[in-house]
Amino acid sequence: MIDLHTHTDESDGTLSPAALVEAARARGLRALGITDHDTLAGHDAAEPLVREAGLELVCGIEISTKLASLRGRSVHLLAYFPRSAPSDGFRAWLGELQEQRRDRNRRLAERLRSLGLDLELAEAEALGRSLTGRPHFARLLVKKGYVTDIRQAFHRYLAEDAPGYVERHEPAIEKAIERVREGGGFASLAHPVRLALREAGHEKAVIASLCEAGMQAIEVYHSDHAAADTERYLELARRYDLAVTGGSDFHGDAKPSVRLGRPRVGVEVLEALRARFG
Ligand code: AMP
Ligand code: ZN
Ligand code: FE
Ligand code: FE
């Protein structure tokens, strides 16, 4: 079994890269894809550790992008680099994304202060490592007793329709797909079920337009997908000649209901990716 979608504490997961590698080994996984949000730091830290664990590491990342045709909604794009390490140009582009995130975080801290909360950006940053996001602000609000849990932190302050929300510049998904391909990777639409496209009646149109933009894969297996979703995405992958990816979206204790290696994804999924992109 393999798991191609996991997070470490370099983004918003709770396990360190070393602890995640150990957990994957203990679970008997053959391959592990570390796909932290907007950073390769977790993957880079895990790389020297996997050989000893008898595990294959797949280089990946999860990028937050904007989809104009969905009124600028935030869409998560997975990128994988099965052939060679991401190019220096790709890493430089990630640096720009991280700077834009830092700018948002500064404004977010100010906004929360203007709402009467006593907090500093450095306090949120201290809860994260290479990447600070709203989940770290949420943990800080819990820690300071302003809210009882993460859910309430988002509901009252951090969610898109809450008073503390501030915009972050996210790259257009088409641009991100282009950067990924230039950097030597391929892009996969992450947990498509979360976009609720089928309900809105334009699942096929959106997927077709992303194929047009150069997207080459879709995340068919994911912990949020019901059996019927998985079937439908498999069918769409066939129809649009998209490669298939899959994983749990494991975040450690930050999302305790999601377990590493669930749903089960067979090694043939990785073999097919290697045959196509490796
Ligand atoms: P950021 O990229 O810093 O804007 O933070 C986005 C992350 O916050 C997402 O990937 C989720 O993990 C988390 N998140 C967003 N909305 C919510 C919510 N309503 N409840 C809990 N977590 C959320
Ligand atoms: Zn996450
Ligand atoms: Fe995601
Ligand atoms: Fe994820």
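Is H5 buried or exposed? H5 is buried, with a relative accessible area of 0%. That makes a handy way into this predicted model, since H5 is one of the residues that hold a metal ion.

## Three metal ions and their donors

Here is who holds what.

| Metal ion | Protein donors | Distance to the ion |
|---|---|---|
| zinc ion (ligand 2) | D12 (OD), D12 (OD), H37 (NE2), H251 (NE2) | 1.9 to 2.6 Å |
| iron ion (ligand 3) | E62 (OE), H76 (ND1), H191 (NE2) | 2.0 to 2.2 Å |
| iron ion (ligand 4) | H5 (NE2), H7 (NE2), E62 (OE), D249 (OD) | 2.1 to 2.2 Å |

Take the iron ion (ligand 4) to begin with. Its donors run along the chain with the spacing H-x1-H-x54-E-x186-D. The angles among its 4 donor atoms go from 79 to 171 degrees, and the site counts as irregular. H7, another of its donors, is buried just as H5 is: its relative accessibility is 0%. Look 4.4 Å away from this iron ion and you come to the zinc ion (ligand 2).

The zinc ion (ligand 2) gets two of its donor atoms from D12, with H37 and H251 supplying the others. This site is irregular too, with angles of 52 to 144 degrees among the 4 donor atoms. Along the chain, the spacing reads D-x24-H-x213-H. D12 sits in the loop between β1 (2-6) and α1 (17-26), while H251 sits in the loop between β7 (243-247) and α11 (267-277), so the pair ties together parts that are 239 residues apart in sequence. Both ends of that tie are tucked away from the surface: D12 is buried at 11% relative accessible area, and H251 is buried at 2%.

Now for the iron ion (ligand 3), which lies 5.6 Å from the zinc ion (ligand 2). Its donor residues follow the spacing E-x13-H-x114-H. Here again a pair links distant parts of the chain: H76 belongs to strand β4 and H191 to the loop between β5 and α8 (197-200), 115 residues apart. H76 and H191 are both buried. One residue to look out for is E62, which is listed as a donor to the iron ion (ligand 3) and also to the iron ion (ligand 4).

## Around H37

H37 is worth a second look. You'll find this residue in the loop between β2 (31-34) and α2 (41-53), and at 11% relative accessibility it counts as buried. Which side chains does H37 join through polar contacts? One is H7, at 3.5 Å, and another is D12, at 3.3 Å. Leaving out residues up to four places away in sequence, H37 touches H7, S11, D12, E62, H76, L131 and H251. Several of those names should ring a bell: H7 and E62 are donors to the iron ion (ligand 4), H76 is a donor to the iron ion (ligand 3), and D12 and H251 help hold the zinc ion (ligand 2).

## The nonpolar cores

Away from the metals, there is a nonpolar side to the story. The largest nonpolar core has 34 residues, and the members that touch the most others are I61, F90, L189, L210, M215 and I218. Elements giving two or more residues to this core include β3 (56-67), β4 (73-80), α3 (88-114) and α10 (227-239). A second, separate core has 16 residues, among them L119, L121, A138 and V166.

M215 shows what such a spot looks like up close. Not counting residues up to four places away in sequence, M215 touches L77, I177, A187, S188, L189, L210 and L242.

## Helix α1 and a residue in α10

Which residues of α1 are buried? They are P17, L20, V21 and A24. Seen down the axis of α1, these fall within an arc of 100 degrees, so they line one face of the helix. What they pack against is β1, β2 and α2. After α1 comes G28, with a positive phi near 80 degrees.

Last stop: D229, in helix α10. This aspartate is buried, with a relative accessible area of 11%. Setting aside residues up to four places away in sequence, D229 touches V193 and D224.

Methods:
Residues are numbered from 1 along each chain as its sequence is written. Chains are lettered from A and ligands numbered from 1 in the order in which they are written. This is a predicted model: local features need pLDDT of at least 70, side-chain atom pairs count only at pLDDT 80 or more; totals for chains, interfaces and linings use all residues. Side-chain values use heavy atoms; hydrogens and water are left out. Donors are N, O and S atoms within 2.8 Å of the metal (3.2 Å for Na, K and Ca); water is not among the atoms, so sites may look incomplete. Four donors count as tetrahedral if all angles lie between 85 and 135 degrees; four count as square planar and six as octahedral if opposite donors are over 155 degrees apart and all others between 65 and 115; anything else is irregular. Helices (H or I, at least four residues) and strands (E, at least two) are DSSP runs, numbered from the N terminus. Buried means under 20% relative accessible area, exposed over 50%, partly exposed in between (1.4 Å probe, protein chains only). A polar contact is a pair of N or O atoms within 3.5 Å; within protein, one must be able to donate a hydrogen and the other to accept it, and residues adjacent in sequence count only if both atoms are side-chain atoms. Contact means heavy atoms within 4.5 Å. A nonpolar core is a set of buried Ala, Val, Leu, Ile, Met, Phe, Trp, Tyr and Cys residues joined through side-chain atoms within 4.5 Å. The arc is that of the directions from the helix axis to the C-beta atoms.
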